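Trainee: I would be grateful for a close look at one part of this structure, namely its enclosed empty space. Please describe that space in detail and then place it within the protein as a whole.

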Amino acid sequence: MQKLLTIFVTVLCLIITTKAISQESATDLKYRRSSLSMIIIENKNLPNKDAVLSSWTNYPFPDKYNKHVTNLKSINIDNIKLSEQEIEAANLKKEKLNNGLQAGKTLNNATSNKLSSSANSVAGKLPMEKTEYQMMIDKVITSEKLANKLVASWFNRSPDGKFNMKLIQERGFYNASEMEAGIAKGQAKGLASLGDAGEELLRNTFVTFTKLDFIENEPAALKARDAAKKEIQESMTNSPKLLVDKALKGADNAYDKAKEGYSLWSKTWLYQLKWNDSIAAIFYNDLWSNPKAFDNSNLFSLECVGVQYNQSLVTFKIGEKRTQEQIIDLALVRNVDNAFAELQKENEVFRPKVPVLSADPITAQIGMKEGLEGGEQFDVLEMVLNQKTGRTEYKVVGSATVDKKIVWDNRYNAGDKSEVVLDKNGAPITATLFKGGKNIQPGMLLKQKR
């Protein structure tokens, strides 16, 4: 009884807290986020291209990042061709041959069920695809001078080629006129702020390239059914006909259930803008006032820091209330969310910082969408000014652990899940509960440990 009372009081406190902070959501709190551009890789393996692209366009942008805008929203991978020299340089011919042999072995052994057959046939191609598609992405990055576009966007470049500090000011909470004076006069304080902006903002600029493959379940299900029937007929030659017919009927039923819909594979490549003091010095000294030199410069680049593969099943059940477009939309969003959650876990530089919303209880707006299940550990950070360098730094001042009792279900379309904790007005709780020390205060930042 005491344990139930404790849980009830905790939930009640969280409801009160989340209602109190409802006037200012986490997306409104002022803190320096990493910046992100998302690019979709279009290809021919899209069953309902309009629905897929519409879903991608309406994908709820990850609110733990600032949306960084360039004119490159998508690329058509079918239009990108690698030369023989490029393929030979990457030794892809040998890799393709090895993967082709491996894929053949996989398919021969994967007839027992539809999902393993579908997954293995694609998995056999992944090592080659990872290398080949990354080469194609790199080719687009170079030809489009995407890194230059990211930098130009950061410095709010005007049509006449001039730069200013407006966006830097907004995202970094700096004094823009002071920083521009620092560029013009080389003042130590102004240049220190510029270095700080580079460390905190430009270097934490990311681009994701996402490729989606919708693989029809029916061909794989048909192979699995035919293989199962062949095995039944060979292994049950001395069995009563009634049992054989029942087994064959079971194979047909399994086929009927498995044939509908698609298996959705997403592949997401994560790139980071390369920025350091040397690059910054050349930019401010040589390119800031010279638009033509900036356009022709190869100073800026993007580095691939991670690749993530995710699979989900897209099925259309008899009596399904959702439309095909809604099902594709849900599968795409969940799949891409999972990719982001895994990329954050595997790449520390990509992990977002999340502000503490309340201290008693400790809450923050991060949840299942970011892969939380309960028990994950976070560093508690406080931003401080280094008096020697003039730059801001993050100091670890404590730790916090996700409470397993209340993890916010912020996944797409999560509102129809009956297990979501609701307040008296029927609204879902919009924060995750943490356990931590008494020194944790609202406005401090949480960053997940590995």
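Mentor: The second largest cavity of this predicted model has a volume of about 70 Å³. Its lining draws on separate stretches of the numbering: Tyr31, Arg32, Arg33 and Ser34 take part, as do Lys64, Glu200 and Asn204, and the list is completed by Arg351, Pro352 and Lys353. By class, six of these lining residues are charged, two are polar and two are nonpolar. The charged residues are Arg32, Arg33, Lys64, Glu200, Arg351 and Lys353, whereas Tyr31 and Pro352 count as nonpolar, and Ser34 and Asn204 as polar.

This space may be set beside the others. A general point helps here: rolling a probe the size of a water molecule over the atoms shows where empty space is left. The structure holds three cavities of 30 Å³ or more, and the largest cavity contains about 100 Å³ of space. Around the largest cavity stand Tyr59, Pro62, Asp63, Lys64 and Tyr65, together with Asp337, Phe340, Ala341, Gln344, Lys369 and Glu370. Lys64 therefore belongs to both linings, as its atoms come within 4 Å of points in each cavity.

The lining of the largest cavity divides into five charged, five nonpolar and one polar residue. Helix α15, which spans residues 324-346, gives the most to this lining, with four residues. These four are Asp337, Phe340, Ala341 and Gln344.

The strands come next. Seven of them form an open sheet with antiparallel pairing, in the order β7-β13-β10-β11-β12-β9-β8. At the edges lie β7 (354-355) and β8 (358-359), each of which pairs on one side only. Within the sheet, strand β9 (residues 362-364) and strand β12 (residues 432-436) run antiparallel and are joined by three bridges. One detail of this pairing is that alanine 364 has threonine 432 as its bridge partner in β12.

Finally, the protein as a whole. It comprises 15 helices and 13 strands. Of its 450 residues, 46% count as buried. Among contacts with a separation of 6 or more, 79% are between residues 24 or more positions apart. The accessible surface of the protein comes to about 23,400 Å², and carbon and sulfur atoms account for 50% of that area.

How values were computed: Residues numbered from 1 in each chain as written. Predicted model: local features only at pLDDT ≥ 70, side-chain atom pairs only at ≥ 80, totals over all residues. Heavy atoms only, no water. Helix = DSSP H or I, 4+ residues; strand = E, 2+ residues; numbered from the N terminus. Buried < 20%, exposed > 50% of the residue type's maximum accessible area, 1.4 Å probe, protein only. Contact = heavy atoms within 4.5 Å. Areas by Shrake-Rupley, 256 points an atom, 1.4 Å probe, with all protein chains shown as cover. 1 Å grid on protein atoms, 1.4 Å probe; cavity = no way out; pocket = protein on both sides within 12 Å on 5 of 7 lines; lining within 4 Å. Points joined across faces, edges and corners; volume = space filled by probe spheres on them. Pairing = 2+ DSSP bridges.
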